[in-house]
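Please open the model in your viewer and keep the selection tool at hand, since each stop on this tour begins with something to select.

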Amino acid sequence: MISETRVLLANAQEPGLNTIDIYKRLGGYESLEKAYLHMEPHDVLTELEDSGLRGRGGAGFSMGKKASFLPRGEMAKYLCCNADESEPGAFKDRELMQRNPHQLIEGIAIAALAADAGHAFVFIRGEYDLQAGILEAAVAEAYEAGYLGRDILGTHRDLELVVHRGAGAYICGEETALLDALEGKRGNPRLKPPFPAIQGLYGGPTLINNVETLSNVPHIVRHGADWFKGFGTEQSPGTKVVSISGCVRRPGNYEVELGVPLRDLIFGLAGGPLEGREIKAFYPGGSSSPVLTPAELDLPYSFEAMAEAGSMLGSGSVIVADDSVSIPHMALRTARFYHHESCGKCSPCREGTNWTVKMLERVVGGEATPMDLDIISSVQTNIIGNCLCVLGDSMAMPVSSMVRKFRDEFEAVMSGADVVTRTADAAEADPAGSLL
Amino acid sequence: MSLDPLDTPGLPVDPALTIGRVPDRTPEEIPELHEVNCPPELRERVEELISRYPDKHSASIPALWAIQRRYGWCTPEGIRQVAAVMKVTPAYLESVASFYDLLRTEPAGTHQVLVCTNISCWMRGGDELLGAFVEAAGCSAEEAGHGGALSDDGEILISGFECLGACDLAPMASIDERYFGPLETAEAAEAIKQLRTGREVLPDRPLFKRPLPGGAKGVGVDDQ
């Protein structure tokens with residue numbers, strides 16, 4: 001029987017954990033004091049690099065390595081916490097900020113020390129009003145206690161931290177679009193290189209990390225890189241807060257060591273499929289990840305195993321579809337989301353998401369020909385790798401995986417076969433769907 | 001004689017013909033503060049927001065939020081007022097406002113209900129929930145699925161919405177910026193009634209009252 005391994009969520013249900021008093025009583029801000037008073041910034045950075053902590057926002061890039069890319073020198077440097085969590089299926093950052101905001105603030109302050117950043121921003125999605133309020137209150141407490149602001153703990157180091165609310169755009173989770181939004185523009189991604197570490201916010205070197213990544217930092221500083229590597233697998237060290245949703249009995253956030261079998265996550269923790277249902281497919285890493293099938297349930301849940309299986313761990317969000325879900329309709333729902341959220345800057349994404357939606361509407365409407373499935377697949381191939389950011393790819397990857405793995409189901413729908421599933425009926429009843 | 005239909009006096013102008021034409025007037029410039037009659041509280045709020053950032057433009061999204069909080073939506077007057085305080089053109093702020101789903105450039109009522117219709121919520125009945133809210137509020141289903149629809153009395157905005165980051169509550173809705181779920185379709189009518197009568201909305205269903213599924217210690221960890 002699988003059990004959770006709680007590090008980030010360890011005291012999550014302690015009443016009042018969002019206040020600085022309770023957080024400190026449980027050992028909070030000791031890591032910040034250790035880093036600021038007893039460690040050199042370089043040593044903090046080395047510790048983070050040695051820990052092997054990989055970004056929890058989707059790309060899985062080494063956090064310490066990213067921080068080490070920032071040039072040294074007198075220029076203004078920035079740290080942005082990406083709290084724009086908008087990937088369908090992901091809701092872990094919401095939980096972490098709502099329950100333990102000081103853990104994040106402490107992580108930001110330590111990471112800012114390592115990256116020599118004097119200004120930090122939390123870019124939180126506009127929909128998270130409750131969480132933004134909790135975070136703002138916690139930031140005010142941290143300023144009051146001298147953990148933020150001028151001359152932190154008498155070290156002559158300064159850090160300003162601003163909670164910046166977004167206003168509803170998935171694309172702002174993309175790091176360069178986030179920077180544009182933070183600079184007060186429409187959130188359009190930028191050409192890379194230059195990467196944000198060299199030229200980011202206001203043209204200065206900028207470290208951008210996800211909420212969960214930064215929430216790990218105080219624990220690594222407190223216990224050391226070796227302790228951290230004691231969890232998870234060699235290439236995916238640490239624990240992961242996994243958001244499980246869809247057709248399962250107990251959806252929610254569970255914290256586990258990376259590398260546990262997917263079956264244990266879905267069945268052991270989330271309770272498996274609903275009464276009388278069977279799992280048909282699942283997204284292992286949010287709606288952008290190619291879907292997997294029950295045959296792949298025994299794979300370990302790690303960055304490397306998911307990549308090997310042709311999918312990705314992404315933000316760590318498992319969405320389960322059972323046998324009542326029509327895969328072509330799920331593909332359409334997925335494509336509509338990316339079509340709505342495409343910023344329109346790059347043609348392959350703007351046009352590709354549009355045409356994919358139109359073709360999938362023809363498929364589920366019984367108006368498509370068998371050739372259309374190949375056209376859909378070729379449109380996806382022509383999106384991948386051809387845009388400034390990966391929004392288009394994020395539609396292309398899951399949609400092409402569904403066409404490939406469930407081609408017979410697409411063909412059945414196209415031939416006008418009766419797809420008597422609950423969700424298929426619902427989608428037809430409301431063809432407007434989520435296309436706002 | 002000009003062949004341009006817009007230059008022909010006396011002919012009705014088809015608005016479609018004006019698309020893509022450069023209007024024959026200079027774009028609106030940065031308004032002066034004395035021209036806009038900005039309420040002092042809004043002005044102070046925006047000035048405080050500007051002071052938080054190394055560059056004043058960064059305050060544009062928070063400033064648009066401030067307009068929306070004061071007037072219910074990003075009104076043209078509100079945008080002109082804040083443009084004067086920020087010393088940017090109203091067009092600049094409009095260009096930002098029109099990009100973001102939560103910034104409303106049309107009247108948005110006094111209450112907003114956003115119903116998630118994305119993958120996880122759809123699987124658990126998100127479309128039916130949106131339909132129930134539409135019916136309870138008495139608004140257009142078509143518009144609710146395409147950006148939002150106001151109830152007949154103009155009080156309540158119902159909008160189908162992309163993933164709100166609460167798939168664990170599926171199907172769920174954000175009502176006046178607070179999350180509720182999982183919701184039965186029957187609870188939509190209840191929530192609308194509560195909004196209309198000023199009572200607490202769905203007191204048993206808010207997100208913040210929900211424990212972690214693994215309890216205080218986590219699944220499989222002994223509760224000592």
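Start by selecting B:Gly72, the residue that follows helix α3(B) and has a positive phi, near 90°; helices here are DSSP runs of H or I with at least four residues, strands are runs of E with at least two, and both are numbered from the N terminus. This is a predicted model, in which local features need pLDDT of at least 70, side-chain atom pairs count only at pLDDT 80 or more, and totals for chains, interfaces and linings use all residues. Residues are numbered from 1 along each chain as its sequence is written, while chains are lettered from A and ligands numbered from 1 in the order in which they are written.

Next, select residues 60–71 of chain B, which make up α3(B). Its twelve residues should span 16 Å at 1.5 Å a residue, and the end C-alpha atoms are indeed 16 Å apart, where the expected span is 1.5 Å times one less than the number of residues.

Nine of these twelve residues are buried, meaning that 20 or more other C-beta atoms, placed from the backbone, lie within 10 Å of a residue's own; B:Trp65 is one of them.

Now move to chain A, where four strands form an open, mixed sheet in the order β6-β5-β8-β7, two strands being paired if DSSP finds at least two bridges between them. Select β6 (252–257) and β7 (279–283) of chain A, which stand at the edges with a single partner strand each, so one side of each has no neighbour in the sheet.

Finally, add β8 (317–322) of chain A, which runs antiparallel to β7(A) and is joined to that strand by four bridges; within β8(A), A:Val320 is the bridge partner of A:Phe282.
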